[in-house]
Number of protein chains: 2
Amino acid sequence: MQAPRDETVSEAAPGFVSDYLLYLLAAASEAASAQFHQTVRAAGLRVPEWRVLACLLDEDGAMVTQLATVALAEQSRLTRIILQMEKRELVVRRGDAADKRRVRVHLTPQGRSLATRLVAEAKVHEAELIRTLSGGDGARLKPALRSLLAALEPGTPETARRGTGQKTGSQVKENMD
Amino acid sequence: MQAPRDETVSEAAPGFVSDYLLYLLAAASEAASAQFHQTVRAAGLRVPEWRVLACLLDEDGAMVTQLATVALAEQSRLTRIILQMEKRELVVRRGDAADKRRVRVHLTPQGRSLATRLVAEAKVHEAELIRTLSGGDGARLKPALRSLLAALEPGTPETARRGTGQKTGSQVKENMD
DNA sequence: ACAACTAGCATGAAAAATCATATATTAATC
DNA sequence: GATTAATATATGATTTTTCATGCTAGTTGT
């Protein structure tokens with residue numbers, strides 16, 4: 001019989017949550033990003049804005065929808081973010097001549113400078129982070145994540161099964177991009 | 001060190017972002033969670049609310065601050081979420097007799113029922129997700145994530161015993177996306 | 001016991017994200 | 001070559017989040 005445990009703080013609860021894959025993913029993402037996101041904030045950017053800059057450095061002239069996908073944000077949000085970034089002269093929006101619905105987003109020199117600096121910092125931070133991971137975990141993490149993404153991103157996964165005895169018929173909004 | 005592999009992305013953009021660890025983490029978390037989060041939404045819950053329910057099933061009577069940490073949300077947000085959940089009679093808040101600042105959150109029978117159902121669904125979903133991962137990646141992912149979390153989270157179990165109100169003033173308050 | 005400090009939670013006002021939908025353009029169909 | 005559907009972006013209105021701060025209760029030091 002165990003002694004009565006103290007339930008106040010920092011209880012290492014051996015429950016469901018702490019071993020749940022989706023929680024581990026979200027928590028790991030949060031924890032790993034927290035430090036660098038402070039750098040981003042210090043540069044006067046919000047996280048999606050930083051992602052936009054990084055994406056544009058990879059592919060200048062990307063479309064808003066593309067950027068929304070990469071920045072993990074919704075389209076209407078990205079639209080507003082891009083407008084704000086344009087006001088701050090980090091990017092410029094140009095209509096696509098071939099398809100006038102599209103808006104191509106380009107880095108300004110100012111935006112490119114900031115993006116370049118932050119990407120360099122991100123690479124340093126990433127290298128340090130990976131180095132702190134014990135042994136092979138640092139090396140295994142990226143391939144495992146890519147494998148997970150590859151299994152989920154293309155097309156509609158066949159694993160989308162639900163309805164374990166719950167009442168169906170509720171209108172689930174199928175608004176996946 | 002770096003094995004320059006072909007990008008799994010069909011996009012011809014072998015840029016920085018698609019191989020950046022923090023992006024892979026965030027994107028993997030998003031993609032992996034998307035399916036189940038629709039189930040959560042269909043149950044009339046937002047994601048942090050689901051996390052609160054799951055956490056309370058692990059540890060009933062948790063404090064608001066504790067729940068905020070687990071649900072990866074800020075304290076003021078969690079306060080409001082708990083208030084809303086109380087109105088919906090999923091939880092009840094009770095003052096802690098020993099420390100009247102604290103608010104202990106307990107599941108109602110209704111909340112426990114919903115939590116139990118969703119956790120069961122989450123387990124099924126998780127098992128299917130892991131099964132779809134090719135070979136060893138499914139098995140390596142969790143340990144790698146735990147290693148990452150262990151390297152980043154402040155509290156280590158070695159000295160975390162009987163730590164009611166220790167001097168560790170710095171809490172996780174930079175939990176932003 | 002008293003002051004000063006910290007922890008836990010709540011809250012108002014401002015910023016923001018979200019949802020649904022509008023608008024404009026292109027692609028597809030008959 | 002109209003008509004219909006689909007794509008790309010923008011926007012209004014509502015709900016959420018956030019930030020700073022307030023307030024109460026416990027803790028520490030003298």
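The following exchange concerns a predicted model and the grounds for several descriptions of it.

User: What makes a residue count as one of those around DNA strand C?

Analyst: The C-beta atom, placed from the backbone, must lie within 6 Å of the strand. There are 24 residues around DNA strand C, and A:Lys100, B:Met63, B:Thr65, B:Ser76 and B:Thr79 come nearest. Elements that give two or more residues to this surface are helix H4 (75–87) of chain A, and helix H3 (64–70) and helix H4 (75–87) of chain B. The largest share, 5 residues, comes from H4(B).

User: Why are 10 residues of the surface near DNA strand C called charged?

Analyst: Asp, Glu, Lys and Arg count as charged, so the 10 residues in this class are of these kinds. The surface also holds 7 nonpolar and 7 polar residues.

User: Why are S2(B) and strand S3 of chain B said to pair?

Analyst: Pairing requires at least two bridges, and these strands have 5 bridges, therefore they pair. The sense is antiparallel, and B:Gly95 stands opposite B:Val103 in S3(B).

User: What makes strand S1 (62–63) and strand S2 (91–95) of chain B edge strands?

Analyst: Each pairs on one side only. The open sheet has the order S1-S3-S2.

User: How is it known where the predictor's confidence is under 50 in chain A?

Analyst: The pLDDT expresses that confidence for each residue, from 0 to 100. In chain A, pLDDT stays under 50 over residues 1–11, which have 8 contacts beyond four places in sequence. Over residues 156–177 of chain A the pLDDT is also below 50. Chain A averages a pLDDT of 82, with 79% of the residues scoring at least 70.

How values were computed
Residues numbered from 1 in each chain as written. Chains lettered and ligands numbered in written order. Predicted model: local features only at pLDDT ≥ 70, side-chain atom pairs only at ≥ 80, totals over all residues. Helix = DSSP H or I, 4+ residues; strand = E, 2+ residues; numbered from the N terminus. Contact = placed C-beta atoms within 7 Å.
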